[in-house]
Amino acid sequence: MTKREKVRFILEKLEELYPNPPVPLHHKDPYTLLIAVILSAQCTDARVNQITPLLFAKADNPYDMIKLTEEEIREIIKPVGLSPMKAHGIYHLSHTLIEKYEGQVPQSFEALEALPSVGHKTASVVMSTAFGVPAFPVDTHIHRMLFRWGLSDGSSVVQSEKDAKKAFPKRKWNKLHLQIIYYAREYSPARGWNLDKDVITKTVKSD
C-alpha cells in the first residue's frame with residue numbers, strides 16, 4: 001500500500017465512522033474553549049467537562065475570572081490535576097486578555113502562544129475550533145496513531161504535526177484531528193490494544 005493509498009483509506013474510513021465529530025471539550029466561546037484546553041493538560045476531557053460548569057458558573061469571561069483569587073480558582077479546578085500551575089495560568093492570561101486585547105481571545109498563533117500557559121497545541125486547538133483556521137493539534141492519541149499508521153516515526157509530537165500536515169490535505173485538518181482522536185480512543189487505545197479491532201492500522205500495516 002503506497003502512502004497515498006494509506007492516506008485515502010484512512011480518510012475514507014474515518015469519514016464513514018465519524019462524519020460529524022463533536023468537539024470533545026464543552027465550551028460556548030473562544031475564551032471558555034481556551035480555559036477548557038488548558039485544564040485538559042494531563043487530564044481526560046470527560047473530567048474537564050465535569051469541572052468547567054462549576055468554574056464557568058462563577059467566571060466565564062476574563063473580567064469575572066480576575067475577580068477570583070488564584071486560590072479560589074485552584075480549589076474549583078483541583079480535580080483536574082496540576083491545579084496550582086493551571087490556576088496561575090488562567091488568572092494571569094485573563095489579566096493579559098483584558099490589558100492587551102479588551103478581554104477578547106486573539107486570533108493568531110503568535111498572540112495566543114505569547115499568553116501565560118498557552119503552548120502550541122493549545123493555540124492550535126483554539127485556532128482550529130474557535131476560529132476555523134487550519135491547524136493540526138497533536139495530542140497523545142494523534143501522535144500514537146501517526147506512528148502506528150507508519151506516517152511518522154514517533155520521535156516527537158512536533159515531528160508528528162509536520163508529518164500529518166504533509167500527509168493530509170489542509171482543508172481536512174480541522175475535522176480530521178477530531179476524527180483521529182475519536183478513532184484512537186475507540187479502536188486503538190494505548191493500553192489493551194487489539195489489532196483485530198483496529199481496522200485502519202491492520203489494513204495500512206498489512207503490506
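A crossing of two helices is called right-handed if the near helix is turned clockwise from the far one by less than a right angle. Keep that in mind for the third view below.

**View 1. The whole chain in this predicted model is built from helices.** Count them up and you get twelve helices and zero strands. Going along the sequence, the pattern simply reads α-α-α-α-α-α-α-α-α-α-α-α. The C-alpha atoms take up a box of roughly 60 × 35 × 30 Å along the principal axes. A compact globule of 207 residues would have a radius of gyration near 17 Å, and the chain's 18 Å agrees with that.

**View 2. Here is the stretch that UniProt labels "domain: HhH-GPD".** The unreviewed entry places this domain at residues 39-186. Over those residues the chain is 66% helix and 0% strand. The C-alpha atoms at the two ends of the stretch sit 23 Å apart.

**View 3. Zooming in, helix H5 packs against helix H6.** H5 covers residues 70-77 and H6 covers residues 83-101. Their axes are 8 Å apart and meet at an angle of about 130°. That angle makes H5 oblique to H6. As for handedness, the H5 and H6 crossing is right-handed.

**View 4. A closer look shows which residues of H5 and H6 touch.** From H5 come Glu70, Ile73, Arg74 and Ile77. On the H6 side, their partners are Ser83, Pro84, Lys86, Ala87, His88, Ile90, Tyr91 and His92. Sorted by type, the residues of this contact are six nonpolar, three polar and three charged.

Terms used
Residues are numbered from 1 along each chain as its sequence is written. This is a predicted model: local features need pLDDT of at least 70, side-chain atom pairs count only at pLDDT 80 or more; totals for chains, interfaces and linings use all residues. Side-chain values use heavy atoms; hydrogens and water are left out. UniProt positions are given in the numbering used here, feature names are shortened, and annotations may be inferred rather than shown by experiment. Helices (H or I, at least four residues) and strands (E, at least two) are DSSP runs, numbered from the N terminus. Axes are lines fitted to C-alpha atoms, for helices over the stretch in contact, and angles run from 0 to 180 degrees between N-to-C directions. Angles under 35 degrees count as roughly parallel, over 145 as roughly antiparallel, 65 to 115 as roughly perpendicular and the rest as oblique. Contact means heavy atoms within 4.5 Å. Ala, Val, Leu, Ile, Met, Phe, Trp, Tyr, Cys and Pro count as nonpolar, Asp, Glu, Lys and Arg as charged, and the others, Gly among them, as polar. The radius of gyration is taken over C-alpha atoms; the globule rule is 2.2 Å times the number of residues to the power 0.38.
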